[in-house]
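I opened this entry to look at the overall fold and then at one position inside it. My notes follow in the order I looked things up.

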Amino acid sequence: MKIAITGATGFVGTRLINSLKDEGHQFVIFTRNINRATTIYPPSTFPNVEIVAYNATESGEWQNKISGCDAVVNLAGEPIAERWSPEHKKAILESRQLGTRKIVEAISKAKDKPSVLINPSAVGYYGTSETKTFDENSPPGDDFLAEVCQAWESEAQEVKKVNVRLVILRFGIVLGTEGALARMIPPFKLFAGGPIGSGRQWFSWIHIDDLVQLIKESLNRSGIVGTFNATAPNPVRMNELCQTLGDVMNRPSWLPVPDFALEVLLGEGSKVVLEGQQVLPKETLALGFQYQYLTIKSALMDIVPKM
């Protein structure tokens with residue numbers, strides 16, 4: 001296939017392309033930073049990659065490159081787990097809402113349209129709760145992240161008007177050698193690890209390899225249509241995550257990170273870590289998707305030795 005990808009220089013995007021690169025596909029990568037993309041995908045190693053400069057929230061010549069692609073994977077978006085200044089909240093929303101709108105606009109204009117758009121969302125769609133369980137059919141929450149996810153998904157839904165198959169994947173916290181886990185490892189190495197906040201909050205996660213496989217199956221299986229939770233079937237509470245991480249690293253999990261410390265660092269953005277939701281992949285399992293990593297221990301035992 002010829003696959004257009006945004007967010008290709010990020011954690012998930014790089015893993016996806018490296019997983020696909022030996023399967024004979026071609027890639028059109030849209031990026032704001034040509035130099036960074038060229039460093040990650042040098043022509044000598046990635047002759048099947050075309051790098052295109054773009055502004056995700058503006059129409060432009062870049063949109064013409066969508067025509068002739070078989071699929072679009074739209075992974076771009078500003079980081080969530082940072083301090084939420086008014087400017088950053090605006091960037092979080094616009095990078096997803098307007099970014100998706102411009103991708104759909106490009107698909108709609110394309111003479112030779114792709115057959116599928118794979119668009120992420122997030123489990124933040126459901127809001128937060130220590131007691132409720134959510135699946136793909138649960139209603140949305142009413143906080144900032146839930147509103148972002150609703151706006152994001154609403155823009156993606158527009159692609160169905162031009163008869164393009166749509167797969168929305170609501171990402172949980174992606175575990176791998178980058179991302180959230182990479183921030184948690186250093187304190188444990190220094191014997192100073194422990195649960196964040198109350199420890200009671202739910203942590204809905206997915207191993208990066210399972211997420212990449214789910215994206216690949218969404219590309220290849222024309223029967224996959226709709227919205228799916230990209231989470232493992234066994235979410236855990238923060239206490240269990242940290243205890244398991246300590247066990248895998250042969251380190252104690254005894255020094256809790258108090259709420260106020262994270263609030264000082266991240267402000268309102270600390271909500272991502274201090275609150276959570278128990279999300280189950282009901283529809284993903286109904287596809288027959290086979291997870292390689294079903295438990296948090298199996299995921300951590302694979303990832304931690306690589307860090």
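I began with contact range. Among contacts between residues at least 6 apart in sequence, 79% join residues at least 24 apart. I keep in mind that this is a predicted model.

Next I listed the secondary structure. I found 11 helices and 13 strands in the protein chain. I then checked the radius of gyration, which is 19 Å. The globule rule gives 19 Å for 307 residues, so the chain is as compact as a globular protein of that length. Along the principal axes, I read a C-alpha trace of about 60 × 45 × 40 Å.

I turned to burial and surface. Of the 307 residues, 52% count as buried. The chain exposes about 13600 Å². Carbon and sulfur atoms supply 51% of that exposed area.

Then I looked up charge. I noted 31 positive and 33 negative side chains. The centres of the two sets lie 3 Å apart.

Last, I went to a single residue, N119. Which strand holds N119? I placed N119 in β5, which covers residues 116-122. Is N119 buried or exposed? Its relative accessible area is 1%. The cut-off for buried is under 20%, so N119 counts as buried.

I also asked which residues N119 is in contact with, leaving aside its neighbours within four places in sequence. On the lower-numbered side I wrote down N74 and T100. Further along the chain I wrote down W152 and A156, then the run L166, V167, I168 and L169.

Notes:
Residues are numbered from 1 along each chain as its sequence is written. This is a predicted model: local features need pLDDT of at least 70, side-chain atom pairs count only at pLDDT 80 or more; totals for chains, interfaces and linings use all residues. Side-chain values use heavy atoms; hydrogens and water are left out. Helices (H or I, at least four residues) and strands (E, at least two) are DSSP runs, numbered from the N terminus. Buried means under 20% relative accessible area, exposed over 50%, partly exposed in between (1.4 Å probe, protein chains only). Contact means heavy atoms within 4.5 Å. The radius of gyration is taken over C-alpha atoms; the globule rule is 2.2 Å times the number of residues to the power 0.38. Accessible areas come from the Shrake-Rupley method with a 1.4 Å probe; for residues, only the protein chains shown count as cover. Lys and Arg count as positive and Asp and Glu as negative; His and the chain ends are not counted. The place of a charge is taken as NZ of Lys, CZ of Arg, CG of Asp or CD of Glu.
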